[in-house]
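Reader: I'm new to protein structures, and I'd like a close look at one part: the inside. Could you take me through what is packed in there and how the chain gets to it?

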Amino acid sequence: PEIDSIEDLSGKTITLAGAGATPEVIATDIFDLLPNEVSLDFKSEHAECVALLKSGKADVIILPEPYVTVCKKQVPEVKVIADLADEYKDKVKSFL
């Protein structure tokens, strides 16, 4: 199925870097509000997330800039569905 919004990520595994840091806190706060569980698969580097997406070993990744731009160059079909700062503000009702 097509992924067009944060809500479409329910039941998916999301690959990202930043275990034990701000990315984990933000992702957990946002995804805890979804109706179905989301699995977070943490990697040590953002570049590793891009490589996994490019190789087909990850379906969904979370990246900050400039890695979003790098990823779009390496994987032209990649689709950005959300800005997590905006999602956090809208869903958690707080500012980063």
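**What sits inside**

Author: Let's start with the whole: 30% of the 96 residues of the protein count as buried (that is, under 20% relative accessible area, with exposed being over 50% and partly exposed in between, using a 1.4 Å probe and protein chains only). Keep in mind that this is a predicted model, where local features need pLDDT of at least 70, side-chain atom pairs count only at pLDDT 80 or more, and totals for chains, interfaces and linings use all residues. Residues are numbered from 1 along each chain as its sequence is written, and side-chain values use heavy atoms, with hydrogens and water left out.

Now the layout. There are four helices and three strands (DSSP runs numbered from the N terminus, with H or I over at least four residues for a helix and E over at least two for a strand). Reading from the N terminus, the order is β-α-β-α-β-α-α. The protein is as compact as a globular protein of its length, because its radius of gyration of 13 Å is close to the 12 Å that the globule rule gives for 96 residues (the radius is taken over C-alpha atoms, and the rule is 2.2 Å times the number of residues to the power 0.38). The C-alpha trace spans about 35 × 30 × 20 Å along its principal axes. Among contacts with a separation of 6 or more, 64% link residues 24 or more positions apart (a contact means heavy atoms within 4.5 Å).

Here's the part you asked about. In soluble globular proteins, nonpolar side chains tend to be buried together. In this model, the largest nonpolar core has 13 residues, and the ones with the most contacts inside it are I6, L9, I14, I30, F31 and I62 (such a core is a set of buried Ala, Val, Leu, Ile, Met, Phe, Trp, Tyr and Cys residues joined through side-chain atoms within 4.5 Å). Strand 1 (13–17) and helix 1 (22–31) are the elements that give two or more residues to this core. Helix 1 gives the most, with four residues.

So who meets whom? Take F31: leaving aside neighbours within four places in sequence, F31 is in contact with I6, L9, I14, V38, L40 and I62. Another core, of 10 residues, lies apart from this one, and among its members are C49, L52, V68 and C71.

Back to helix 1, where you'll find I30. I30 counts as buried because its relative accessibility is 0%. Beyond four places in sequence, I30 is in contact with I6, L84, E87, Y88, K91 and V92. Helix 1 also holds A27, and A27 counts as buried at 1% relative accessibility. With the same kind of sequence neighbours set aside, A27 touches L16, L40 and I62.

I6 comes in from elsewhere: I6 is found in the segment before strand 1. With a relative accessible area of 3%, I6 is buried too. Not counting residues within four places, I6 is in contact with I30, F31, L34, I81, A82, L84, E87 and K91. In sequence I6 and A82 are 76 residues apart, yet C-alpha to C-alpha they are 6.9 Å apart in space.

Next, helix 4. E87 lies there, and E87 is buried because its relative accessible area is 15%. Leaving out residues up to four places away, E87 touches I6, I30, A82 and V92. D90 lies in helix 4 (residues 84–92) as well, but D90 counts as partly exposed at 46% relative accessibility. The C-alpha atoms of D90 and I30 are 9.4 Å apart, although their positions lie 60 residues apart along the chain.

One last spot to check is P66, in the loop between strand 3 (60–61) and helix 3 (67–74). Most residues other than glycine have a negative phi, and most peptide bonds are trans. The bond that joins E65 and P66 is cis, with omega about 10°.
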